[in-house]
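The following note is addressed to a colleague who is beginning to read protein structures. Please keep the sequence and the structure in view while going through the points.

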Amino acid sequence: MTLRLHNSLTGTKDEFQPLENRHVRMYTCGPTVWNYAHVGNLRAFLFYDLVRRHLRVSGYRVTHVMNLTDIDDRILDQAMHAGTTIAEFVKPYAQAFFEDMAALRAERAEHYPRATEHINEMVDMISTLIENENAYIADGDVYFRIASFPKYGELSHLDRAGLKAGARVAADKYEKESVSDFALWKKAQPADERIGAAWDAPFGRGRPGWHIECSAMSKRYLGETLDIHAGGVDLMFPHHENEIAQSEAANHATFARVWLHSEHLADATGDKMSKSAGSFTTLRHLVNAGHDPLAIRFFLIANAHYRSRVRLSPEALHAAAEQVRRLREFADRVNRTSPSGADDGELARKTADVRAAYRDALDDDLNLPQGVGIVFEHIREANAALDAGRVGPLNQASLLAVIDDLDAHLDVVRAEEPGLAQEVERLIAEREGARKTRDFARADRIRDELRARGIALEDSKEGVRWRRIAPAG
Ligand code: AMP
Ligand code: ZN
């Protein structure tokens, strides 16, 4: 089967083909670094990771760009309150984002451009839009003229007559020709200067709007036409609609060929998790409550298909942890088996079928939950074969290959760095030695060193145990 992805633009699952042979250009909307990312944001970011991994499994080279929004109204407000510059204000949150992504084992994108480092590209694009009369200046602000772009609304299948301004658009209080026109540039206010949030431009000193950054930065790193653009479903309107309008009006080229949108994570009450609404949980919260980041990873990508809503609950996280444990236990058991007898033909055939079915599930719009279900069913059979001593050397190799296939997306089974367990055990022994000689300073240093590497120690009846946590930051 070939890879099919649900394209929001067409509303159907379409066969995927990049423009350039075997190379995919992908842009994904990243975090606004005004606070810690909540687990809902992380669901979107891990969805990007899943897309990226499956493209690579499918033999594509991927150039993946994820932006950091380091200027927006909330960042301005917070920096002003804190009496600091926006650059200083966002620092810890940008760092926390990278730590969270590492703890969740998201593969790194090729580029993480920051909005404030690409103001020139945005100014250039806005200048072009003004020249083309797709944009106009009103009292020092610059707006995109939606009436100049007949395709507006195609992605979200909006009825143009019924267009309503979106939340972030409605916050603009300036003179516009039409209520749905959106800001490309906002005139500098005296307070913006104090917090380092104003730049020169031919159309007046100011700062960029939110939407223009993605149009400008995707072009800078990936060119005018993207193979894939992804984001959370809440971004479809107005953000993605506005990106299309800006890019296509400026470049006269198709902006993104495939649009992927992931569904929301809901909180325990079933509402969308959102920072502004105040109901949100961070990775740090969950890890401090004792959850393994990799169980959280499993829950976020494998519990439900990316286009359905999921609800965060302690029960769901425990169930995910249990599934991760079972996968690791199985992988361990297959690894430790020393097959002596002949291979079981029936098991070999079934294992081959399972590998094909797993691949088909992922090729079918990234249906990882289905793929995981297929593997778990087979694990039951394989365990029975192991109990009965019916696993030969080829059986063993192909069972390990099933786990490898699965882990290429999940990355929770063999996630341990090679040699990590021995290294940790060695440090634990060293710390025990230090404690015996009452060198508590040294014992504490070892514990802190492990903590910084994302390992927490726990004293238990059977001695000291360790578990993964988000690295200390
Ligand atoms: P933001 O930091 O608000 O710009 O959002 C970053 C990403 O998280 C975007 O792709 C959003 O669509 C996504 N997102 C925001 N809230 C949720 C949620 N509750 N569940 C899933 N994704 C979300
Ligand atoms: Zn964006």
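1. Contact with Asp234. The model discussed here is predicted. In it, an oxygen atom of ligand 1 lies 2.4 Å from a polar side-chain atom of Asp234. Of the 500 Å² of accessible area that ligand 1 has on its own, the protein covers 95%.

2. Further contacts of the ligand. Two other residues deserve attention here. The side chain of Tyr48 places an N or O atom 3.1 Å from an oxygen atom of ligand 1. Gly40 takes part through its backbone: one of its polar backbone atoms is 3.0 Å from a nitrogen atom of ligand 1.

3. The shell around the ligand. There are 19 residues around ligand 1, and those that come nearest are Thr32, Gly40, Asp234, Leu265 and Met273. By character, the shell divides into 8 nonpolar, 8 polar and 3 charged residues. Which element gives the most to this shell? It is α1, with 5 residues. Both α1 (39–57) and β9 (226–232) supply at least two residues of the shell.

4. Domains. The domain assignment of the protein chain lists domain 1 (19–266), domain 2 (329–410) and domain 3 (420–468). Between the C-alpha centres of domain 2 and domain 3 the distance is 35 Å.

5. The nonpolar core. The largest nonpolar core has 128 residues, and within it Ile228 and Leu410 touch the most other members. Helix α1 contributes the largest share of this core, 10 residues. At least three residues of this core come from each of domain 1 (19–266) and domain 2 (329–410). Helix α1 thus appears in two settings: it gives the most to the shell around ligand 1, and it provides the largest share of the largest nonpolar core.

6. Helix α10. Is this helix mostly covered or mostly uncovered? Helix α10 (residues 293–302) is mostly covered, since 10 of its 10 residues are buried. Among them are Arg297, Phe298 and Phe299. At the N-terminal end of α10, Asp292 acts as a cap: one of its side-chain oxygens lies 2.8 Å from the backbone nitrogen of Leu294.

7. Pro293. This residue belongs to helix α10. Why does Pro293 count as buried? The reason is its relative accessible area of 1%, and buried means under 20%. Pro293 and Val412 are 119 residues apart along the chain, yet their C-alpha atoms are separated by 9.5 Å.

8. Leu283. Helix α9 (residues 283–288) contains Leu283. Leu283 counts as buried because its relative accessibility is 0%. In sequence, Leu283 and Leu42 are 241 residues apart, whereas in space they are 8.4 Å apart, C-alpha to C-alpha. The pair illustrates how the chain can bring together residues that are 241 residues apart in sequence.

9. A cis peptide bond. Which form does the peptide bond from Phe237 to Pro238 take? The bond is cis, with omega near 0 degrees. Pro238 lies in helix α8 (residues 236–251).

10. Two aspartates with positive phi. Asp139 has phi near 55 degrees, a positive value in a residue other than glycine. Asp365, which is not a glycine either, has a positive phi of about 55 degrees. Each is found in a loop: Asp139 between β5 (135–138) and β6 (141–144), and Asp365 between α12 (345–363) and α13 (368–387). Their accessibility should be read separately. Asp139 counts as exposed because its relative accessibility is 55%, and exposed means over 50%. Asp365 counts as buried because its relative accessibility is 1%.

11. Gly392. The loop between α13 and α14 (393–410) holds Gly392. Is Gly392 buried or exposed? At 0% relative accessibility, Gly392 counts as buried. Gly392 and Arg435 are 43 residues apart along the chain, and their C-alpha atoms are separated by 47 Å.

Definitions and conventions
Residues are numbered from 1 along each chain as its sequence is written. Chains are lettered from A and ligands numbered from 1 in the order in which they are written. This is a predicted model: local features need pLDDT of at least 70, side-chain atom pairs count only at pLDDT 80 or more; totals for chains, interfaces and linings use all residues. Side-chain values use heavy atoms; hydrogens and water are left out. A residue is near a molecule or strand if one of its heavy atoms lies within 4 Å of it. A polar contact is a pair of N or O atoms within 3.5 Å; within protein, one must be able to donate a hydrogen and the other to accept it, and residues adjacent in sequence count only if both atoms are side-chain atoms. Accessible areas come from the Shrake-Rupley method with a 1.4 Å probe; for residues, only the protein chains shown count as cover. Helices (H or I, at least four residues) and strands (E, at least two) are DSSP runs, numbered from the N terminus. Ala, Val, Leu, Ile, Met, Phe, Trp, Tyr, Cys and Pro count as nonpolar, Asp, Glu, Lys and Arg as charged, and the others, Gly among them, as polar. Domain bounds come from an automatic or database domain assignment. A nonpolar core is a set of buried Ala, Val, Leu, Ile, Met, Phe, Trp, Tyr and Cys residues joined through side-chain atoms within 4.5 Å. Buried means under 20% relative accessible area, exposed over 50%, partly exposed in between (1.4 Å probe, protein chains only).
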